[in-house]
Amino acid sequence: MSVSLPEGEPVGTDGAMGFRTLRAGAEATGTCEDRRSRFIAQLVRVCDEHEAEEHLARVRAQHHDARHHVFAWVLADGRERCSDDGEPSRTAGMPVLDVLRGTGLADVCCVVTRYFGGTLLGPGGLVRAYAAAASDALATAEKDGSIAQMTLVTPVVAQLPYALYERVARLATEAGGRVDDALFAEDVQLTCLFRAGDEERFCGAVRELASGEELCRALGPRFAEF
């Protein structure tokens, strides 16, 4: 069974535009055993369906001798999907998806691999085992500090003479932002990140510093660890 939802709005957290996810490059694992069947959950961060499919392919290759590779993923735009991969309908993928939903995480994919132990677990046993493995992976992520808060930010690119570099970098910090990148050539190109809406204060301060000259250009908002 597969479940897909249409694309929607970004996830909100406490009324703000943001969501929790795994840190980039992190992988959290969890396990569950029941009557000699072993369930191994592998949870990673993904940004789209393609990356979720790549994670599933890696897990299939890693555990090529396993009987089932159940998956569920949730994206920040509201799309989600799960698969039972041959298990009885709604006994595997949906329990994993429900665990992800319950944590409020987004942009994550969890694949739970099952090594069959020779004894049928029944629908209830399967639901409990798949959910337990996914929950164990999430608990590992929390314990290891692998959970990140993603915030809607606005990047601002500032093209500056060298003489203003340090003062503008300080203005970014004072406005609640941070310098994300700096390119040094004939002049300095700073890319700063601000929580969406905070960039206006920074752009105004730089304009005042430059006697009315527009040195800043705000880009489209995006999600980032902030």
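**Notebook: two domains and their contacts**

I started with the boundary between the domains: about 500 Å² is buried between domain 1 and domain 2, and carbon and sulfur atoms give 47% of that area. On the domain 1 side, I noted that F19, R23 and R45 lose the most area to domain 2, together 75% of what that side buries. I am working from a predicted model.

**Entry: the domains**

I looked up the bounds next. The domain assignment of the protein chain puts residues 19–145 in domain 1 and residues 149–225 in domain 2. I find their C-alpha centres 40 Å apart. For the contact count, I have 6 residues of domain 1 against 4 residues of domain 2.

**Entry: polar and charged pairs at the boundary**

Between domain 1 and domain 2 I count 2 salt bridges. I also have 4 residue pairs in polar contact across this interface. Strand β2 (residues 16–22) supplies the largest share of the domain 1 side that touches domain 2, with 3 residues. By class, I list that side as 2 nonpolar, 1 polar and 3 charged residues.

I then went through the pairs by name. R45 and E225 meet through their side chains in a salt bridge, at 2.9 Å from N to O. R23 also forms a salt bridge with E225, at 3.0 Å from N to O. What does the R23 and E225 pair tie together? R23 is in the loop between β2 and β3 (27–34) and E225 is in strand β12 (residues 222–225), so the pair ties together parts that are 202 residues apart in sequence.

I checked accessibility for both. R23 has 38% relative accessibility, so I enter R23 as partly exposed. E225 has 27%, so I enter E225 as partly exposed too.

**Entry: other salt bridges**

For the structure I have 11 salt bridges. I picked out two more of them to look at.

The side chains of R81 and E49 meet in a salt bridge at 3.5 Å, N to O. R81 is in strand β6 and E49 is in helix α1 (residues 49–62), so this pair ties together parts that are 32 residues apart in sequence. R81 counts as partly exposed because its relative accessibility is 24%. E49, at 27%, counts as partly exposed.

D98 forms a salt bridge with R101, and I read 3.1 Å between the closest N and O atoms. Both D98 and R101 lie in helix α2, 3 residues apart, which is about one turn of the helix. An α-helix has 3.6 residues a turn, so residues three or four places apart point the same way. I have D98 as partly exposed, with a relative accessible area of 39%. R101 is partly exposed, with a relative accessible area of 39%. Going back over shared partners, I find R23, R45 and E225 joined into one network of salt bridges.

**Entry: helix α2**

Which residues of helix α2 (residues 93–103) are buried? I list G93, M94, P95, V96, L97, V99 and L100. I then looked up what covers these buried residues, and the cover includes strands β4 (37–45), β5 (68–74), β6 (80–83) and β7 (108–115), together with helix α3 (122–144). Just after α2, I note a positive phi of about 80° at G104.

**Entry: S146**

I placed S146 in the loop between α3 and β8 (147–160). Is S146 buried or exposed? Its relative accessibility is 13%, and buried means under 20%, so I enter S146 as buried. Leaving out residues up to four places away in sequence, I find S146 touching T21, L22, R23, A26 and A141. R23, one of these contacts, is also a partner of E225 in a salt bridge.

**Entry: T154**

My last stop was T154, in strand β8. T154 counts as buried because its relative accessibility is 6%. What does T154 touch, not counting residues up to four places away in sequence? I list C192, L193, F194, A196, G197, E199, A218, L219 and P221. For A218 I also looked up the C-alpha separation from T154, which is 6.8 Å, with the two residues 64 residues apart along the chain.

Technical notes. Residues numbered from 1 in each chain as written. Predicted model: local features only at pLDDT ≥ 70, side-chain atom pairs only at ≥ 80, totals over all residues. Heavy atoms only, no water. Domains from an automatic or database assignment. Contact = heavy atoms within 4.5 Å. Buried area = accessible area lost by both parts, 1.4 Å probe. Salt bridge = Lys/Arg side-chain N within 4 Å of Asp/Glu carboxyl O. Polar contact = N/O pair within 3.5 Å; in protein donor to acceptor, adjacent residues only side chain to side chain. Helix = DSSP H or I, 4+ residues; strand = E, 2+ residues; numbered from the N terminus. Nonpolar A, V, L, I, M, F, W, Y, C, P; charged D, E, K, R; others polar. Buried < 20%, exposed > 50% of the residue type's maximum accessible area, 1.4 Å probe, protein only.
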